[in-house]
Amino acid sequence: MGPPASGKGTQAEMISTRFDLEAVSTGAMLRREQEAGTEIGQAASELTRKGELVPDAMITELVKIWLAEKEGGFVLDGYPRTVPQAEALEALLAENGTPLDTVIFFDVPFEVISDRILNRVGCTACGRIFKIGLQVQSEEAVCPACGGELIRRADDTVEALKRRMEEYQAKTAPLIAFYEQRGLLQRIAAGGQPEEVFGKVADHLER
Ligand code: AMP
């Protein structure tokens with residue numbers, strides 16, 4: 001867990017590769033639903049564009065369907081994001097007999113978040129994220145990894161960022177105490193480069 005652009009997606013992918021665990025992002029699930037024009041996608045589209053969270057029941061249903069097919073371990077990226085979602089997840093995992101091992105909180109200062117969000121592009125083909133001015137020169141460039149088209153996310157705007165931060169503070173930040181009370185929370189300073197952050201994540205997971 002962590003605020004927008006705290007590196008959840010990037011770290012989830014790195015964890016997935018290193019530890020051979022399947023990673024699922026509820027944000028990516030919703031973007032796929034939107035692209036496919038499903039009922040859930042249409043219902044979520046306006047909310048995500050504005051930077052608001054989608055209703056708990058909708059998101060928990062998506063995760064429930066995904067979890068039903070899982071046998072081994074997994075990484076959840078961007079879920080849960082509210083206390084009711086965390087309670088629903090706890091109940092789901094208790095039913096399956098697979099409680100959470102750990103919750104990583106990516107702690108990133110606001111200036112870093114805003115710089116990342118306003119300068120990031122993603123590849124429509126391979127899904128990798130790049131920083132304009134660092135790995136690519138402009139959003140018109142092609143993906144350095146696969147040559148695919150790069151686009152900005154519809155919610156990576158100044159207005160949506162403001163709303164996403166408000167939603168985060170009001171609804172997601174309380175999960176820090178929720179998971180601290182359960183002895184599951186690992187706070188990781190995540191303002192640095194992905195490899196540096198992943199070093200700390202891997203140390204924690206290997207312990
Ligand atoms: P992300 O890709 O994780 O930044 O998520 C993008 C957007 O999808 C968020 O701003 C929310 O609108 C929506 N979203 C993703 N995950 C959740 C969740 N667990 N609960 C509610 N809304 C979510």
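## A starting point: Thr82

Let us begin with one residue, Thr82: a polar atom of its side chain sits 3.1 Å from the backbone nitrogen of Gln85. This counts as a polar contact, meaning a pair of N or O atoms within 3.5 Å; within protein, one must be able to donate a hydrogen and the other to accept it, and residues adjacent in sequence count only if both atoms are side-chain atoms. The Thr82 side chain also makes a polar contact, at 2.9 Å, with the side chain of Asp56.

Where is Thr82 placed? Its position is in the loop between β2 (74-77) and α5 (83-96). With 6% relative accessibility, Thr82 counts as buried (under 20% relative accessible area, where over 50% is exposed and in between is partly exposed; 1.4 Å probe, protein chains only). Apart from neighbours within four places in sequence, Thr82 is in contact (heavy atoms within 4.5 Å) with Leu53, Asp56, Lys171 and Leu175.

## About the model

This is a predicted model, in which local features need pLDDT of at least 70 and side-chain atom pairs count only at pLDDT 80 or more, while totals for chains, interfaces and linings use all residues. Residues are numbered from 1 along each chain as its sequence is written, and side-chain values use heavy atoms, with hydrogens and water left out.

## Around the ligand

Which residues are closest to the ligand? Of the 16 residues that surround the ligand (a heavy atom within 4 Å), the closest are Thr26, Arg31, Glu52, Gly78 and Gln85. Helix α2 (residues 26-36) gives the largest share of this shell, four residues. By type, the shell holds five nonpolar, five polar and six charged residues; Ala, Val, Leu, Ile, Met, Phe, Trp, Tyr, Cys and Pro count as nonpolar, Asp, Glu, Lys and Arg as charged, and the others, Gly among them, as polar.

A ligand oxygen lies 2.6 Å from a polar backbone atom of Glu52. Gln85 appears again here: an N or O atom in its side chain is 2.8 Å from a ligand nitrogen. For Arg153, an N or O atom of the side chain is 3.0 Å from a ligand oxygen. The protein covers 96% of the 480 Å² of accessible area that the ligand has on its own (Shrake-Rupley method, 1.4 Å probe; for residues, only the protein chains shown count as cover).

## The whole chain

Nine helices and seven strands make up the chain's count (DSSP runs numbered from the N terminus: H or I, at least four residues, for helices; E, at least two, for strands). Buried residues account for 41% of the 207 residues.
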